[in-house]
Amino acid sequence: MSTNSLRTVVALVLAFLLAAVGPAQAHTTAIAVDPADGAQLSTSPKSVTITFTEAPQADFAALSVVGPDGGQWTDGEPTVDGERLTVAVRELGPAGKYTIAYRVAAQDGHPITGSSTFTLLTPGNGTPGQSTNSASSSSSIPVAAGAGLAALAVLSLLVFAIRRTRRSETDNTPTA
Ligand SMILES: [Cu+2]
């Protein structure tokens with residue numbers, strides 16, 4: 001690979017890095033969560049809905065509800081309808097804190113993630129579903145794509161740095 005193409009690669013990698021770690025605030029934000037953050041409920045909600053300032057992309061949407069037991073309490077896949085991201089919820093089980101976590105892609109591609117909680121005061125008779133929802137682990141939601149991209153970029157830079165170091169160690173002839 002020539003020095004010029006290496007420079008091009010590095011430039012591209014840096015561009016990707018900047019895109020990945022760029023402005024954290026997306027142009028779209030969630031303006032409402034139902035049930036509201038901190039809500040105390042005596043019965044199971046039928047569904048969970050996140051409302052955004054502008055419609056997110058229909059693809060890549062994830063919405064999970066994880067109970068105090070660690071179980072996944074959503075029923076089926078989430079759907080995007082205009083500005084609203086909704087998922088049906090099973091009849092809940094144990095009383096305690098349930099965590100809602102969501103991730104959508106804005107129209108400009110920015111990921112939008114967030115979470116909130118509600119508390120079930122009276123236990124229900126439901127049983128949790130399988131954790132097939134990709135948003136089931138709230139900590140892994142926000143950065144999966146960005147982290148992968150950043151790791152790739154760092155790796156590329158590392159390879160480039162190693163090559164350059166090796167060249168300067170072995171090649172002592174002037175490069176003018
Ligand atoms: Cu944006």
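## The nonpolar core

In this predicted model, the largest nonpolar core holds 22 residues, and those touching the most other members are L63, V65, L85, Y98 and Y102. Two or more residues each come from β3, β4, β6, β7 and β8. The greatest contribution is that of β7, which supplies five residues.

L85 may serve as a point of entry to the surroundings of this core. Apart from neighbours within four places in sequence, L85 has contacts with T49, I50, P56, A61, L63, P78, V80, Y102 and V104. Two of these partners, L63 and Y102, are also listed with L85 among the core residues that touch the most other members.

## Strand β6 and its two partners

L85 belongs to strand β6, which spans residues 84–89. In a regular strand the side chains alternate between the two faces of the sheet. Strand β6 shows such an alternation: L85, V87 and V89 are buried and point to one face, whereas R84, T86 and A88 point to the other face and are not buried.

Strand β6 pairs with β3 (residues 47–52) in an antiparallel arrangement joined by five bridges; within this pairing, T49 has T86 as its bridge partner. Strand β5 (residues 74–81) is likewise antiparallel to β6, again over five bridges, and here D75 is partnered with A88. The hairpin formed by β5 and β6 has two residues between the strands, and G82 adopts a positive phi near 65°.

## The four-stranded open sheet

Strands pair through backbone hydrogen bonds, in either a parallel or an antiparallel sense. An open sheet of mixed pairing is built from four strands in the order β2-β8-β7-β4. Because β2 (39–41) and β4 (62–66) stand at the edges with a single partner strand each, one side of each has no neighbour in the sheet. On average, neighbouring strands of this sheet are turned by 25° against each other, direction ignored.

Within this sheet, β7 (residues 96–105) and β8 (residues 111–120) are antiparallel and share ten bridges. Y102 lies opposite G114 of β8; Y102 is also one of the core residues that touch the most other members.

## Overall organisation

The protein contains two helices and eight strands. Read from the N terminus, its elements follow the order α-β-β-β-β-β-β-β-β-α.

Of its 176 residues, 21% count as buried. Among contacts with a separation of 6 or more, 70% are between residues 24 or more positions apart. The contact of L85 with Y102 illustrates how β6 meets another part of the chain.

Technical notes:
Residues numbered from 1 in each chain as written. Predicted model: local features only at pLDDT ≥ 70, side-chain atom pairs only at ≥ 80, totals over all residues. Buried ≥ 20, exposed ≤ 12 C-beta atoms within 10 Å, placed from the backbone. Pairing = 2+ DSSP bridges. Axes fitted to C-alpha atoms, helices over the stretch in contact; angles between N-to-C directions. Contact = placed C-beta atoms within 7 Å. Core = buried A, V, L, I, M, F, W, Y, C linked by C-beta atoms within 7 Å.
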